[in-house]
Amino acid sequence: MSKILGIKYDENDRYHRFARTAVITVVSLSIFILTWWAVSVIANNTAIPTPLETWDALADLYLNGDKMTKISLGQYVSSSLSTFVKGFLLAFAVAVPLGLVLGYSKTLRDLTSPVIEVLRPIAPIAWAPIFMLSLGYTVGPVLVVFVGIFFPLLTNVVFGVRKIDPNWIDASKTLGASQLQVFYKVMMPSAIPYVMNGIKVGLGIGWMCIVAAELYATPLGGIGFYLASQAQAGYWPGAYAALVIIAVLGLLTIGVADYAHRMLSKRMGIEV
């Protein structure tokens, strides 16, 4: 038995674990909001709106849409989600197979490592003007998100494959498994926890990239464009409201990935 904030609970009781998490989350967010409010009042600067002013801007956007462009919150969010999902799917389709191959083949890993290490430190935001101005406002934002997600996902997959116990591979070969069977039946399942971890890290970075991805876009470019337009107009509550929306979207997508990770791990009998 343990006691958290005066609440006794059994570690093996799912309900009490959920209650503990909920209490800690509420306390943490409350402290954050109160700190934000205090900083806003002490600074007395219009560039740091209070949480209440931000909430009013968020409610106004939800009820009335963007008064400058006449675009609704739903349109902004759906545009950003479309860009994000496309970038994520492209990164997943490229990084996972490539990571499996590079993790399996030392020769290919050594051959590609210099190129990857040269490109990996370049911030995705640095690619934004290049992709946007050369490829347009449809493909450009997708590629910025792709770059943000690709490298953490690739790195985790390669690391996961390299962490596989060599004895498992030797045992499967002893039992008559071909190279292809070793790849699909030993390496891929063993790398799944690392793939899921890479996905969660990549999703977080991907949402960090969304403003850069949509900064140069048209009004239908998504919530990133809305944030930039509000900041340029000096309406800081609107800009902070956009940050709140991006944070919520990020939490939702990472939550979905975490749930998928737990369900997949449970089916495979892996502790998470």
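Confidence in this predicted model bottoms out in strand β1 (residues 2-4), where the mean pLDDT is 46, and peaks in helix α2 (residues 51-64), at 92. Residues 1-10 run below 50, yet this stretch still has 18 contacts in the model beyond near neighbours in sequence. It's worth keeping a general caution in mind here: where pLDDT is low, the predicted coordinates should not be read in detail. For the protein as a whole, the mean pLDDT is 83, and 91% of the residues reach 70 or more.

Now to a pair of helices. Take helix α3 (residues 73-104) and helix α5 (residues 124-162): they pack with their axes 7 Å apart, at an angle of about 30 degrees. Because angles under 35 degrees count as roughly parallel, that puts α3 roughly parallel to α5. As for handedness, α3 and α5 cross in the right-handed sense. And what sort of residues make up the contact of α3 with α5? The split is 24 nonpolar, four polar and two charged.

Stay with α3 for a look at the rings. F88 and F92 both sit in this helix, four residues apart, or about one turn. Aromatic pairs in the model come to nine, and F88 with F92 is one such pair. Two values describe a pair of aromatic rings: the distance of the centres and the angle of the planes. For F88 and F92, the centres are 6.1 Å apart and the planes are at 35 degrees to each other, which makes the pair tilted, since stacked would need under 30 degrees and edge-to-face over 60.

Methods
Residues numbered from 1 in each chain as written. Predicted model: local features only at pLDDT ≥ 70, side-chain atom pairs only at ≥ 80, totals over all residues. Heavy atoms only, no water. Axes fitted to C-alpha atoms, helices over the stretch in contact; angles between N-to-C directions. Helix = DSSP H or I, 4+ residues; strand = E, 2+ residues; numbered from the N terminus. Parallel < 35°, antiparallel > 145°, perpendicular 65-115°, else oblique. Left-handed = near helix turned anticlockwise from the far one by under 90°. Nonpolar A, V, L, I, M, F, W, Y, C, P; charged D, E, K, R; others polar. pLDDT = per-residue confidence, 0-100. Contact = heavy atoms within 4.5 Å. Phe/Tyr/Trp six-rings, centres within 6.5 Å; stacked < 30°, edge-to-face > 60°.
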